[in-house]
Amino acid sequence: MERYICIHGHFYQPPRENPWLEAVELQDSAYPYHDWNERITAECYAPNSASRILDADSKIIDIVNNYSRISFNFGPTLLAWLEQTTPNVYQAILDADKDSRQRHAGHGSALAQAYNHMILPLANRRDKRTQILWGIRDFQQRFGRDPEGMWLPETAVDIQTLDILAGLGIRFTILSPNQASHVRPIGGRHWRDVRDGRVDPSTAYRLKLPSRRTITIFFYDGPISRAIAFEDLLSRGENLAGRLCGAFNDDRTWPQLVHIATDGETYGHHRRHADMALAYALNQLESCPNTRLTNFGQFLEMHPPIHEVRIIENSSWSCIHGIGRWSNNCGCNSGSHGNWNQEWRAPLREALDWLCDQLAPLFEFAASKLFIDPWRARDDYIRIILDRSQHNLDSFFQGHCKRELSPAERTRGIMLLELQRHAMLMYTSCGWFFDELSGIETVQVIQYAGRALQLGIELFGDGLEAGFLERLERAKSNLPEHRDGKRIYEKFVRPAMIDLEKVGAHYAISSLFEDFGEEARIYCNSVQRHEFQLLHEGAARLAIGKATVSSLITGQSVDVSFGVLHLGDQNICGGVSSFPGEEKHQALAAEVTAVFRRGDLTESLRALDRSFGGGDYSVRLLFRDQQRKIVNLILEEALTEAASLYRNFYLRHGTLLRFVGDLGIPLPTRFNMAVDFTLNEELRAALTASDPDPAHIQELLQQVQRAGVSLDSVTLEFAVRRSTESAALRFHQNPDLAEINAFDKIIAICRSLPFEVNIWAPQNAYFDVMRKHLDQRVQAAENGDSQAASWVAAARSLGDQLSVATHSIPVAVGG
């Protein structure tokens, strides 16, 4: 009997973008990475695109794209982020689907996903349809084909959702075995109870829908999936392969499909190096003569369902109570805070439902004046989210509008549709999944609600916010300092709200420290500079000018005048105002600059206040990344001074300090601070030098050891990793002998350090070059080419440093 195996990974991160900037801001908790998306990409999404297969000596014998041999789905918002920030990983994901079509008779392994991970059974029918349709359209745009299957967020399901899926052409979805209720052979009369996970997961099931459509359901193997996610099954690839093969049953008389489903982040982020266990298992399974790797689309074509199923509605894979985790204090939580409760979940959802219900008729009434069908326009708005080019906007409006719209009407139309986008983003499931109302995931969905409110107020006038906050106040935090949802809104949402004038203020303050040029992009806004002066008087600086600030999302724009004064350190003040007209602007600018040039800083502040409403803007107003950048610039002088003091102290008293250390006498705490700072900083500088000196680095490491210094290994590792990646890139672009030697030198340094350096990217670069060039250079060396012989010897030495078995590297096709 035929035996098939399919491994599915659900790869997803909640949208983390600031709703006003359309970008993920700095998240210190993800250090040394910029944010959690970047960190999880480095730990999981990237490694699975180039995963290692090791030999018995733990040397790399192949690097493979895991995605091409598993079934997978990526959240659309995550794919959008990857496309912008990590295009090589994004392309590897698309390539994997193309490769899987070659492997599986035209059936790609990628599945679509409902757009922003909304819990669909809790949504109204209109939102369900838009979420599913946006997921399909996003998939088509990226993968260049129609999706056969769709992953439901948290596998949360009801019949209405499945009916919409089938109506939009989706053939199958994947559910937990605990979501099956009853089964029977197609055409049979008697239903068999399979609740509590007793459904046989080795085959596909047909579900009849009220519309008379059908959809296929695959119920994954629960015990193996749990072992992967929560036990130690990924400690060795052999264990995973063996467990999957062991799930076949000779008593079954039909073609068997053993398939599992887990969060994709299990393979590398939750479990370090689990991508390699997966790669090894896939390699082993692929070479097994008795089993065949497949995907759901191919299996369904070869073996259509012979049983039908009834499901348990309003159920999911991550809440034993059904879907209570996203609507009430059901008892599901992380288990990390035993004295907390999640009573806040219900009032949070009630507040968002109220807001959604208030906005819907207002949207429909206003949008019906512009669009032939407002809800159809919303369904099609995904094409604008994917491509905001002017040509695409023109085509969209031409297809949906009753008449040609004025520029102001087009802006209003986009604002209405953006309101609806954020009214759906505010239902992203992670807002309820965790334990506390003030958690970053929950604050994120409240920020989306805040953006929808802001747009609603701009479009329809005030009156919505008070009612929303009255309901949000009923959601109580577990932390006294945060009190309730209203307090959290005031602390974390209202301060994050920006308008174009605040973008202008950010631009004005930043212009004290960097030259933006005539045109600048600040996140999802553009700034066209019309006039600018930067004046210096001693340590003080004055920036004054006028500009047009425009939203690249809605098309709104505003003309502003600005004046900001930097008095040194963190002391920045100034103001931004709507452009008062050319004559008045010139008069105001002349007054401020004249006073500043006299060196009268006190009067300059008064002039700024009179002219621009000064005093309201400071470094606190800057967006987080720029704020950090400018604070670092401001601190640079002080840090340089501190470093010099510490270094001079260490140079002057180093011998004494080492002597005291050799005696085993603890150094005074203040001395330790000087030694720790100096040696960590000198080691960082030595490791990141353009031509690092191994002898000097070893000398510093010996000093570190003698002094008992605690190395800042996280910061040092990240810094030296970037240096190795730069060397690897130079080698990849120009793999001559000199670059091999430079590359080898820095990798040897990495191997000498008392902490592990991540050399994943350098290994990739080396492996790719060897696949393309090694065989040709070896042949040339064997034919007497001495330069080729030197190259091969150096390359193999470098391979040893990188833990690559060069004799096993496959030759690239056409290489």
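Buried here means under 20% relative accessible area. By that cut-off Arg142 is buried, because its relative accessible area is 11%. Arg142 makes a good way into this predicted model, since its side chain has a charged partner: Arg142 and Glu83 meet in a salt bridge, with N and O 2.9 Å apart. The two sit in distant parts of the chain, Arg142 in helix H4 (residues 125-143) and Glu83 in helix H2 (residues 76-85), with their positions 59 residues apart in sequence. Glu83 does not share the burial of its partner; at a relative accessible area of 35%, Glu83 is partly exposed.

Helix H4 supplies another salt bridge as well. Here Arg137 pairs with Asp380, and the closest N and O atoms are 2.6 Å apart. Arg137 belongs to helix H4 and Asp380 to helix H11 (residues 374-380), so this pair ties together parts that lie 243 residues apart in sequence. This time the acidic partner is the buried one: Asp380 has 12% relative accessibility, whereas Arg137 is partly exposed at 25%.

A further pair spans 600 residues of sequence, because Asp28 lies in the loop between strand S1 (3-11) and helix H1 (36-49) while Arg628 lies in helix H22. Their side chains come together in a salt bridge of 2.9 Å, N to O. Neither end of this bridge is buried: Asp28 is partly exposed at 49% relative accessibility, and Arg628 is partly exposed too, with a relative accessible area of 34%. In general, side chains of opposite charge can pair when their charged atoms come close. Across the structure there are 48 salt bridges. Some charged residues go beyond simple pairs, as Glu22, Arg388, Glu418 and Arg421 are linked in a network of salt bridges.

Helix H22 also contributes to the charged surface. Glu636 is found in this helix, which covers residues 624-662. Together with Asp569, Glu637 and Glu641, Glu636 forms a negative surface patch. Residues need over 30% relative accessible area and no salt bridge to be counted in a patch; Glu636 is partly exposed, with a relative accessible area of 46%.

The surface has a nonpolar patch to set beside the negative one. Leu567, Leu601 and Leu605 make up this patch, and together they have about 190 Å² of accessible area. Leu567 sits in the loop between strand S18 (557-566) and strand S19 (572-578). With 31% relative accessibility, Leu567 counts as partly exposed.

Leu355 gives a very different picture of a leucine: its relative accessible area is 0%, so Leu355 is buried. Leu355 lies in helix H10 (residues 345-367). Leaving aside neighbours within four places in sequence, Leu355 is in contact with Met426, Ala449, Leu453 and Phe468. For one of these contacts, Ala449, the C-alpha atom is 8.1 Å from that of Leu355, although the two residues are 94 apart along the chain.

A polar residue is buried elsewhere in the fold. Asn764, in helix H27 (residues 760-782), has a relative accessibility of 18% and so counts as buried. Beyond residues up to four places away in sequence, Asn764 touches Ala50, Arg52 and Ile63.

Finally, the backbone has a few spots worth a look. Most residues other than glycine have a negative phi, and most peptide bonds are trans. Tyr31 and Pro32 depart from the second pattern, being joined by a cis peptide bond with an omega of about 10°. Pro32 is placed in the loop between S1 and H1, and Asp28 of the salt bridge with Arg628 lies in that loop too. Ser58 is not a glycine, yet has a positive phi of about 65°. This serine lies in the loop between strand S2 (51-54) and strand S3 (60-64), and Ser58 is partly exposed at 48% relative accessibility. Ser803 is another non-glycine residue with a positive phi, in this case about 60°. Ser803 falls in the segment after helix H28 (786-801).

Definitions and conventions. Residues numbered from 1 in each chain as written. Predicted model: local features only at pLDDT ≥ 70, side-chain atom pairs only at ≥ 80, totals over all residues. Heavy atoms only, no water. Patch = residues over 30% accessible without salt bridge, like charges linked within 9 Å, V, L, I, M, F, W, Y side chains within 5 Å. Areas by Shrake-Rupley, 256 points an atom, 1.4 Å probe, with all protein chains shown as cover. Salt bridge = Lys/Arg side-chain N within 4 Å of Asp/Glu carboxyl O. Lys, Arg positive; Asp, Glu negative; His and termini not counted. Charge placed at Lys NZ, Arg CZ, Asp CG, Glu CD. Helix = DSSP H or I, 4+ residues; strand = E, 2+ residues; numbered from the N terminus. Buried < 20%, exposed > 50% of the residue type's maximum accessible area, 1.4 Å probe, protein only. Contact = heavy atoms within 4.5 Å.
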